[in-house]
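Subject: Structure for your review, with notes

Dear colleague,

Please find below the structure that I am handing over to you, with the sequence alongside. I would be grateful if you could read the notes underneath with the coordinates open.

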Amino acid sequence: MKIYQTDNVKNLVLLGNSGSGKTSIAEAMLFNGGVIDRIGTVEAGNTVSDYNKIEQETESSIYSTVLFTEYLDNKINMIDAPGADDFVGKAYTAINPSNVALMIINAQNGVEVGTEIHARALEQYAKPMVFVVNQLDHDKANFERTLENLKESFGSKVAQVQYPLNAGEDFNGIIDVITMKYYKYPVNGGAPEIIDIPAEEKDKALALHQELIEKAAENDDSLMELFFENDGLSEDEMRSGITAGLVHRDLYPVFCTSAKKNIGVRRLMEFIVKVVPRPNECNKREDTEGNIIPIDAKQPCSIFVFKTSVEDHVGEVNFFKVITGEINEGDDLINQRTQNKERLTQLFVVAGKKKEKVSKLVAGDIGAAVKLKSTRTSDTLNANGHSVQYNPVLGPTPRHRSAIRALAEADDEKLGEALNRMHEIDPSIVIEYSKELKQIIVHGQGERHFKILEWHLKNEFKLETEFYEPKIPYRETITKIAQANYKHKKQSGGSGQFGEVYMIIEPYQDGMEDPTMYKINGKEIKVSVKNKEEHDLPWGGKIVFISSIVGGSIDARFMPAILKGIMEKMEEGPLTGSYARDIRVVVYDGKMHAVDSNEISFKLAGRHAFSDAFKNAGPRVLEPIYNVEVLVPSDYMGDVMSDLQGRRAIVQGMSSEKGLEKISAKVPLAEMNKYSTSLSSISQGRAMFQMKFSEYGQVPSDLQKELLKSYQEESEE
Ligand SMILES: Nc1nc2c(ncn2[C@@H]2O[C@H](COP(=O)(O)OP(=O)(O)OP(=O)(O)O)[C@@H](O)[C@H]2O)c(=O)[nH]1
Ligand SMILES: [Mg+2]
């Protein structure tokens, strides 16, 4: 394998809805670059990219696969992402090292939810985007409608570079308005004849050519002049304008392909080599201190690990991008996180499961290393004396949760280790050991995502596991003022125990004034704040603890014990045993005994008084409420709405966004269990959603009753 310099490397990510043809396009590119001598198909399960057994079974991608091909003296690295929304975390991984995204659009369907999901992920990285309208050979392909769709969704930045001739079963031609040529393909596809644009297409082609130049010229004035001088522009002349447009995301060029017939793919690759920004023209790599680090081969070496996987017979494989300098086989680098030395005994370039050894990789290029000691995703490795740490790979916000346990109790510890490893391999799997719920909760994207997790646990870690419904982290609070007093008294042989506490509790709100007087059952109780403690609770919300003891009825040294007793109850609320929050407590009177009073006594008195007051203070169970946003084609709007209503959703707004209807609603977490699966079945996979914690809200009283009852039963047991 030849060594490629920074200027001759292109890094692509293949994005788009599931089934649009990403894996098939990658396959055609591998063929055109001579990496393979036969084009495999997803149906036959013999593509380079979908090489995992589980991908072949489902006939779709599940992992992001790193691939490379060589074309016109350039190395094109490609990462083929899965389109299914449950695996969007892999798309984030795939976008990270790439410089440009090919957003594959299925010409039968136009813009789909997967297009939106990936476009949003790409936006977070602010990377250039090229649209590839694929499947133009399909009898249901509709290029014009797809183009309209793209313009509706992505606006005037959509810049047509090509249009198809005879789209549909007889698809055999592309007019390209950069090269101003007609690419004429044999019936079964393959290499085209490149000829002059036929007379009847000339006007249309020229109009589009000019339109494109105008868009490109927004980034380059001299282009317009050249255009009028020469009655058109060459590809090289247009390059700088289009490249700048791509870099600034001012221009999204549109290409035409049939991956199946290998039509348009070579021309697309030529565009990638000639026009798409090089790694160093599009440098958005940031270190953790906010510095932008350009891709530069002349600097000391630093590499960033964007993906880690475990492969049969090989073990762990770390995929990295060289950010600065160059790395040679056998080099020692320092892992910035662990400060451990790692020797890169062998370097590889990778196309699916095929690995080819290389002696050296230069800044901007992508490669892989095996048998590193303790390196994982998002680590930076540096040459000795150099110390930079690049920002970690981004990931999606979790939107699905499940409790998990090992079927054999003896495997508990092993499960913990395996889950931590799985998180390192797939950062979109987040593990939470909930002390509160006494469960291990996994957070991720959906049931399919967890099916894959289960598969890895079983096959790689030999762990049988069960995924089951997670508990809800309820909270408790009060809604009105209540008073209680409690006397703890115990006489046992020698010294006794004595403590008595009078307290008032009330709902706490931010910014409330200090109390001066309470009226309880017609009786006025005057208070004056002697001491005030305000604590943020680790589980959210606050407790404010006020001492208004006058005349030394309780010694100040016992106050911490009273608060301790209260906190014990706050940690295990009287209603359901959940954490309590947002309560103000005023201790305003009490009694001590010169000999028998001690901390234990006041702790117990404080706890009981608090618990009694709590029960009379209009106690309520609170539940987590999430902001849920659903994007859905209008055909399914009604069904999605009525399903949401069945989930106690409160709809906050509806609007149209990019040709889809957008619903914003507040929905209790308890109602969101397996939402991704049911939304997908309601909308036949054409809707998407996101959710984010918003606030705690009161549960309806019938549900509260149920929760209390089951807590009581549980406690009695
Ligand atoms: N007719 C036709 N079919 C195509 C074309 N490209 C892909 N397909 C078929 O469409 C289906 C999906 O193709 P894939 O390449 O797996 O699509 P993908 O985008 O990788 O899908 P995911 O991995 O699920 O995200 C397969 O059956 C392909 O054979 C094309 O250009 N024309
Ligand atoms: Mg695929």
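What follows is a short account of what was found, taken site by site.

Please keep in mind throughout that this is a predicted model, and that the values below are computed from it.

I begin with the metal. The magnesium ion, which is ligand 2, is coordinated by OG1 of Thr-23 and by OG of Ser-61, at 2.0 Å. Thr-23 belongs to helix H1 (residues 22-32), whereas Ser-61 sits in the loop between helix H2 (53-58) and strand E2 (65-71), so the pair ties together parts that are 38 residues apart in sequence. As for their surroundings, both Thr-23 and Ser-61 are buried.

Next comes ligand 1, where there is rather more to report. There are 21 residues around ligand 1, and those that come nearest are Ser-18, Ser-24, Glu-43, Gly-83 and Asp-137. By element, H1 gives the most to this shell, with 3 residues, and by character the shell around ligand 1 divides into 14 polar, 4 charged and 3 nonpolar residues.

Three polar approaches to ligand 1 may be useful to you when you inspect the site. In the side chain of Ser-18, an N or O atom is 2.7 Å from an oxygen atom of ligand 1, while for Ser-24 a polar side-chain atom lies 2.6 Å from an oxygen atom of the ligand. With Gly-19 the backbone takes part, since one of its polar backbone atoms is 2.9 Å from an oxygen atom of ligand 1. Taken on its own, ligand 1 has 640 Å² of accessible area, of which the protein covers 88%.

Further along the chain, I looked at His-488, which lies in strand E27 (residues 482-490). Is His-488 buried or exposed? Its relative accessible area is 11%, and because the cut-off for a buried residue is under 20%, His-488 counts as buried. The side chain of His-488 also makes a polar contact, at 2.8 Å, with the side chain of Gln-497.

Finally, there is a strand pair at higher residue numbers. Strand E36 (residues 650-657) and strand E37 (residues 660-668) run antiparallel and are joined by 7 bridges, with Ser-655 standing opposite Lys-662 in E37. The two strands, E36 and E37, form a hairpin with 2 residues between them, and in the turn Lys-658 has a positive phi of about 50°.

With best regards

Methods:
Residues are numbered from 1 along each chain as its sequence is written. Chains are lettered from A and ligands numbered from 1 in the order in which they are written. This is a predicted model: local features need pLDDT of at least 70, side-chain atom pairs count only at pLDDT 80 or more; totals for chains, interfaces and linings use all residues. Side-chain values use heavy atoms; hydrogens and water are left out. Donors are N, O and S atoms within 2.8 Å of the metal (3.2 Å for Na, K and Ca); water is not among the atoms, so sites may look incomplete. Helices (H or I, at least four residues) and strands (E, at least two) are DSSP runs, numbered from the N terminus. Buried means under 20% relative accessible area, exposed over 50%, partly exposed in between (1.4 Å probe, protein chains only). A residue is near a molecule or strand if one of its heavy atoms lies within 4 Å of it. A polar contact is a pair of N or O atoms within 3.5 Å; within protein, one must be able to donate a hydrogen and the other to accept it, and residues adjacent in sequence count only if both atoms are side-chain atoms. Accessible areas come from the Shrake-Rupley method with a 1.4 Å probe; for residues, only the protein chains shown count as cover. Ala, Val, Leu, Ile, Met, Phe, Trp, Tyr, Cys and Pro count as nonpolar, Asp, Glu, Lys and Arg as charged, and the others, Gly among them, as polar. Two strands pair if DSSP finds at least two bridges between them.
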